[in-house]
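Me: I have a model open and want to learn how to read it. Can we start at the ligand and work outwards?

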Amino acid sequence: MSKNLEPTQKSLNRMDLTNYKMKIAIVYTSVTGNTKELAGILYQIFLMKEVDISIYRIEEFQLSGLSQYDAVAVGTYTWGEGEIPQEMRPLYHAFESLGKKEMVTAVFGTGDSFYPNYCGAVERFRDMLYVHTDLAATLKVELMPQLQDFIRCQKFVDSVRIRFKMKAVNKK
Ligand SMILES: Cc1cc2nc3c(=O)[nH]c(=O)nc-3n(C[C@H](O)[C@H](O)[C@H](O)COP(=O)(O)O)c2cc1C
């Protein structure tokens, strides 16, 4: 197999031969705990699937390692007037510079519909990820996740997994 293949291409080729586990990172930020809670629910759902899942607060995540993942799920609250929190901006720009169209991505977040730009940071990430990556899912939750959000979380996780599997099928 060629050494020059991109990590995702390598993964897809390996998946043909083995029970390759999709490598996923959840990278999130949270101040008052709502987005942390949502990230934790998504992590637990991913854990029940046949994937290699890691979860990081943005402060712990090495931007230089971004390209090693098959999929990245970004979690953010919204600040100011629909803005991306300061600590998430380097990650936003890292996706732009990486420009890795084959990377599966998803974005989730919590917001407060009291504000005119409800979950504006999720929308900003969504628009950028749609252009620069293979965006599979978006999820907005009102403040603290509730029981009824669980099915939406399951759909979010399934969308990421199915998008990655579809890539493998299309490559055959
Ligand atoms: C100063 C301030 C500005 C905010 N601006 C917005 C906003 O524009 N849109 C929105 O949906 N939520 C906004 N929020 C609400 C937070 O995004 C929301 O409470 C979120 O769930 C916090 O996430 P966390 O608990 O993970 O920190 C704002 C909150 C504060 C304190």
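**Reading the fold from the ligand outwards**

Reply: Start with the element that gives most to the ligand shell: helix 2 supplies the largest share, 3 residues. Keep in mind that this is a predicted model.

Me: How many residues surround the ligand, and which are the closest?

Reply: The shell holds 22 residues. Ser30, Asn34, Thr35, Tyr77 and Gly111 are the closest. Two elements give two or more residues each: helix 2 (34-47) and strand 4 (104-111).

Me: How do the shell residues divide into nonpolar, polar and charged?

Reply: Sort them by class. Polar residues number 12, nonpolar 7 and charged 3.

Me: Now the sheet. What is the general idea behind strand pairing?

Reply: Strands of a sheet pair through backbone hydrogen bonds, and the pairing is either parallel or antiparallel. Here, 5 strands form an open sheet in the order 2-1-3-4-5, and the pairing is parallel.

Me: Which strands are at the edges?

Reply: Strand 2 (51-57) and strand 5 (134-142). Each of these edge strands pairs on one side only. Across the sheet, neighbouring strands are turned against each other by 15° on average, ignoring direction.

Me: How many bridges join strand 1 and strand 2?

Reply: Strand 1 (residues 22-28) pairs with strand 2 over 7 bridges, in the parallel sense. To find the register, take Val27: its bridge partner in strand 2 is Tyr56.

Me: Which strands does helix 4 lie across, and which does helix 5 touch?

Reply: Helix 4 (residues 120-132) lies across strand 3 (71-76), strand 4 and strand 5. Its direction is about 170° to strand 4. Helix 5 also packs on the sheet, touching strand 1, strand 2, strand 3, strand 4 and strand 5. The direction of helix 5 makes about 170° with that of strand 5.

Me: Next, helix pairs. At what angle do helix 2 and helix 5 pack?

Reply: Read the angle and the axis separation together. Helix 2 and helix 5 (residues 149-171) pack at about 55°, with axes 10 Å apart. That angle makes helix 2 oblique to helix 5. The crossing is right-handed.

Me: Which residues make that contact?

Reply: Helix 2 contributes Ile41, Leu42, Ile45 and Phe46. Helix 5 contributes Cys153, Gln154, Phe156 and Val157. By class, this contact has 7 nonpolar residues, 1 polar and no charged.

Me: And what is the angle between helix 3 and helix 4?

Reply: The axes of helix 3 (residues 89-98) and helix 4 cross at roughly 20° and come within 9 Å. The two helices are therefore roughly parallel to each other. Helix 3 passes helix 4 in a left-handed crossing.

Me: Which residues meet there, and of what class?

Reply: From helix 3, look for Tyr92, Phe95 and Glu96. From helix 4, look for Phe125, Met128, Leu129 and His132. The contact of helix 3 with helix 4 has 5 nonpolar residues, 1 polar and 1 charged.

Methods: Residues are numbered from 1 along each chain as its sequence is written. This is a predicted model: local features need pLDDT of at least 70, side-chain atom pairs count only at pLDDT 80 or more; totals for chains, interfaces and linings use all residues. A residue is near a molecule or strand if its C-beta atom, placed from the backbone, lies within 6 Å of it. Helices (H or I, at least four residues) and strands (E, at least two) are DSSP runs, numbered from the N terminus. Ala, Val, Leu, Ile, Met, Phe, Trp, Tyr, Cys and Pro count as nonpolar, Asp, Glu, Lys and Arg as charged, and the others, Gly among them, as polar. Axes are lines fitted to C-alpha atoms, for helices over the stretch in contact, and angles run from 0 to 180 degrees between N-to-C directions. Angles under 35 degrees count as roughly parallel, over 145 as roughly antiparallel, 65 to 115 as roughly perpendicular and the rest as oblique. A crossing is left-handed if the near helix is turned anticlockwise from the far one by less than a right angle, and right-handed if clockwise. Two residues are in contact if their C-beta atoms, placed from the backbone, lie within 7 Å. Two strands pair if DSSP finds at least two bridges between them.
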